[in-house]
Structure formats: C-alpha cells, structure tokens
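I opened the notebook today to look up how helices pack against one another, and I want to keep each entry to what I can read off the model.

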Amino acid sequence: MTIPMSAASPPDSLDDLRERLRRFCDERDWEQYHVPKNLAMSVAIEAAEIMEHFQWLTAAQSADLDAAARHEVALEIADVLLYLVRLADVLDIDVAAAAREKIGLNARKYPARSSL
C-alpha cells in the first residue's frame, strides 16, 4: 500500500503520517468505523500481536531476532503507530506535544539521581 506524502510536512513526520492516514481513510469512507472506541481497541489488538512474536522466547532470543521475525515485528509496530496517530487525529490530540509533556512529567516523577 502506498500512501501519498504531504508537501506541508517532512516525510515521515507525525503530521505527515496523520495527513496521509486521513486521506487514505477518506478515500475508503472509513471514518464511520474510526471512532475512538474502535481505534483504541485496535491499538490494543495490534500491541498484542507484537507480544505474540515474543511469547515463548527467552530474553536473549527476543533480543536476537532473525531478519524475517524483525520484519514481522516492524509491521506490527507500524500498525500500532498508525492506529495511535489515527486515534489522536480523531480526538484532535497533538501526539508530539503529549509525548513531550509526558516525558517532562516522568522526569519529575523519576529524577535521574534517584535511579543510580
């Protein structure tokens, strides 16, 4: 599947992904299905599909996937990211701003000096 790139945002920025997904979904009339409940469930389902690849591996095995397994995991990670971007778009949430805020909150909650 090829999703056209936006001229307004750098390729692969979150804004670009949001715009490309918006057009992709518009072209298929998927807005009717892309309600927050369905998108949130899809995030969880796709995250579980990532876990499935690691379910019975040891810690060492999970860190040393072969190329085919890494590719399959990469596609599942992409599914999670795309559903998250779409969910944020539907809810009008700036993902990058929310992530920056969360990093700041975590830095205050878990100061570096306390982890040494």
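Before comparing helices, I noted that an axis here is a line fitted to C-alpha atoms, for helices over the stretch in contact, and that angles run from 0 to 180 degrees between N-to-C directions. I also reminded myself that this is a predicted model.

Entry on the helix pair. I looked up helix 2 (residues 36–54) and helix 4 (residues 67–90), and found that their axes come within 9 Å and cross at roughly 165°. Angles over 145 count as roughly antiparallel, and helix 2 and helix 4 are therefore roughly antiparallel to each other. I noted as well that the crossing of helix 2 past helix 4 is left-handed.

Entry on the contact. On the side of helix 2 I listed residues including L39, V43, A47, I50 and F54, and on the side of helix 4 residues including V73, I77, V80, L84 and R86. Sorted by kind, the residues of this contact are 14 nonpolar, 2 polar and 6 charged.

Entry on the core. Which residues make up the largest nonpolar core? I found 5 residues there, namely V43, I50, L65, V73 and V80, and the elements giving two or more residues to this core are helix 2 and helix 4. Leaving aside neighbours within four places in sequence, I50 touches V73, E76, I77 and V80.

Entry on R86. Is R86, which lies in helix 4, buried or exposed? I found a relative accessible area of 6%, so R86 is buried. Again leaving aside neighbours within four places in sequence, I recorded contacts of R86 with L21, R22, C25, E31, H34 and L39.

Terms used: Residues numbered from 1 in each chain as written. Predicted model: local features only at pLDDT ≥ 70, side-chain atom pairs only at ≥ 80, totals over all residues. Heavy atoms only, no water. Parallel < 35°, antiparallel > 145°, perpendicular 65-115°, else oblique. Left-handed = near helix turned anticlockwise from the far one by under 90°. Contact = heavy atoms within 4.5 Å. Nonpolar A, V, L, I, M, F, W, Y, C, P; charged D, E, K, R; others polar. Core = buried A, V, L, I, M, F, W, Y, C linked by side-chain atoms within 4.5 Å. Buried < 20%, exposed > 50% of the residue type's maximum accessible area, 1.4 Å probe, protein only.
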